[in-house]
Amino acid sequence: MTQNERTEKALQLLKQLISIQSFSSEEDQTADAIQDWLKSFDIPFERMQNNVFAKNKYWSNTKPTLLLNSHHDTVKPNQAYTKDPFHPHIEEGRLYGLGSNDAGGCLVSLLATFTHFYDRKDLSHNILMVASMEEENAGKNSLRGLLPHLPEIDVAIVGEPTLMDLAIAEKGLIVFDAVVKGTPSHAAHPNDDNAIYNTIAVLEWFKQYRFDKTSEVLGDVKMTVTQIKAGSQHNVVPSQVELVIDVRVNDAYSNQEIADLLKSEAPCELQERGLKLNSSRIDKDHPLVQSGIALGRKTYGSPTLSDQAALTCQSLKLGPGDSRRSHSADEYIYVHEIEEGIDLYIQLLEGFLKK
């Protein structure tokens, strides 16, 4: 099969995936479509829930393993859509549809790349292809839940839209629930311990707080108050105000370090929802990165989260499309981005997988 034929089959698969509703935990039909696509290349595969994965033909337990991963679940379309999110169609070179950019274009490009290398005998690494579920909601059956059932992974490419530049680091995430307390009372009576007024100083503390350690690639830790909730009626001073704090963690801290630091210093009660979404990175001098740099690709640090957070090995985030289009109304990816993405993935791995 020629490269053009492989690319055309990838585009056909992407259109099929767009046409199928595949919200997180509801990806069974897109998993079926991916299975059928692998069957068309006579590639054996395995499936766990809605995760579909396959190994290259000449797998050897003596070789290190490269993971190629992207996801086939989507968020729900927002109310600003003017086009049918499940109707894949091309206008002026743009393929429109929910999940086209995040991350369908990456997924089908990686699948096409995997088929290109599938029956090669001269590879320095095994290749493990995983089309995963529940990425958008970091669900228990996502890549994180699948990893214990996979072979050991030495290095990974996670397909997310990066304009095919090399995201060599990715910020982690911790969400905190905060409580600012006060004394409840009738609004008509004096109260020097109003929880809402007490919150003013707390909000100012979060606004002004700065973490000491910065990162060459990811910059500073970013902390943002994103939600606030208090009160039930106009004449009652509430006993507490509830806040939600979003913290994007650089690679200078572990999530546990951030949690310990904030819980000891914050002027309110804090409780993290979880610590599993750590920052990710790969050394700039890693051969995989150097192969991309040799192709003229730029390196940068990504502020957005992906399934990289589940991996303990070094990992690179790389894919066609633009992350600024993700979760937007009338989502699209350029057809030429997929064509170029497949070509660049293949060139990158040709440079990396030489024995």
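Trainee: Which strands each supply at least two residues of the lining of the second largest pocket?

Mentor: In this predicted model, strand 8 (166–170) and strand 16 (299–302) each supply at least two residues of that lining. The largest share, 3 residues, comes from strand 16, and the lining as listed includes T299, Y300 and G301. I168 and A169 are also on the list, as are E216, V217, D251, R281, I282, D283 and K284. The volume of this second largest pocket is about 180 Å³.

Trainee: How do you know how the lining of the second largest pocket divides into nonpolar, polar and charged residues?

Mentor: Each residue is placed by its type, with Asp, Glu, Lys and Arg counted as charged and Gly counted among the polar ones. Set against that rule, E216, D251, R281, D283 and K284 from the lining are charged, whereas G301 falls in the polar class. The lining as a whole divides into 5 nonpolar, 2 polar and 5 charged residues.

Trainee: What is the volume of the largest pocket, and which residues are the closest to its centre?

Mentor: The largest pocket has a volume of about 490 Å³. Its lining comprises 24 residues, and the closest to the centre are E135, E136, L305, S306 and H327. By class, 7 residues of this lining are nonpolar, 8 are polar and 9 are charged.

Trainee: What makes an enclosed space count as a cavity rather than a pocket?

Mentor: The test is whether the 1.4 Å probe, having found room, can get out; in a cavity the probe cannot, whereas a pocket is open. The structure holds 2 cavities of 30 Å³ or more, and the largest cavity has a volume of about 100 Å³. Of the 15 residues lining the largest cavity, L17, H72, T74, G99 and G104 lie nearest its centre. Helix 1 and helix 3 are the elements that give two or more residues to this lining, and helix 3 gives the most, with 4 residues. The classes here are 6 nonpolar, 7 polar and 2 charged residues.

Trainee: Which residues line the second largest cavity, and which element gives the largest share of the lining?

Mentor: The second largest cavity, with a volume of about 40 Å³, is lined by M164, L166, G292, L295, R297, L318, L344, Y345 and L348. Helix 8 contributes the largest share, 3 residues. The division is 7 nonpolar, 1 polar and 1 charged; R297 from the list belongs with the charged class and G292 with the polar class under the rule applied above.

Trainee: Why is one side of strand 4 and of strand 18 left without a neighbour in the sheet?

Mentor: The sheet is an open one of 3 strands in the order 4-5-18, with antiparallel pairing. Strand 4 (89–91) and strand 18 (332–334) stand at the edges and each has a single partner strand, so one side of each lacks a neighbour in the sheet. Neighbouring strands are turned by 30 degrees against each other on average, direction ignored.

Trainee: How do you know that strand 4 and strand 5 count as paired, and what packs on this sheet?

Mentor: Pairing requires at least two bridges, and 3 bridges join strand 4 to strand 5 (residues 94–96), so the pair meets the criterion. Within this antiparallel pair, H89 stands opposite Y96 in strand 5. Helix 1 (residues 3–19) packs on the sheet and touches strand 4, strand 5 and strand 18, with its direction at about 30 degrees to that of strand 5. Helix 8 (residues 335–352) lies across those strands as well, running at about 60 degrees to strand 18.

Trainee: Why is S25 called partly exposed, and D330 buried?

Mentor: Buried means under 20% relative accessible area and exposed means over 50%, with partly exposed in between. S25, at 42%, falls between these limits and is therefore partly exposed, whereas D330, at 16%, falls under the lower limit and is therefore buried. S25 is found in the loop between helix 1 and helix 2 (28–40), and D330 in the loop between strand 17 (314–317) and strand 18.

Trainee: What makes the backbone at S25, at D330 and between D102 and A103 worth a remark?

Mentor: Most residues other than glycine have a negative phi, and most peptide bonds are trans. S25, although not a glycine, has a positive phi of about 80 degrees, and D330, also not a glycine, has a positive phi of about 55 degrees. The peptide bond from D102 to A103 is cis, with omega near -5 degrees, and A103 lies in helix 3 (residues 100–117).

Key. Residues are numbered from 1 along each chain as its sequence is written. This is a predicted model: local features need pLDDT of at least 70, side-chain atom pairs count only at pLDDT 80 or more; totals for chains, interfaces and linings use all residues. Side-chain values use heavy atoms; hydrogens and water are left out. On a 1 Å grid over the protein atoms alone, a cavity is a set of points where a 1.4 Å probe fits but cannot get out, and a pocket is an open set with protein on both sides within 12 Å along at least five of seven lines; lining residues have an atom within 4 Å of a point. Grid points are joined across faces, edges and corners, and a volume is the space filled by probe spheres set on the points. Axes are lines fitted to C-alpha atoms, for helices over the stretch in contact, and angles run from 0 to 180 degrees between N-to-C directions. Contact means heavy atoms within 4.5 Å. Buried means under 20% relative accessible area, exposed over 50%, partly exposed in between (1.4 Å probe, protein chains only).
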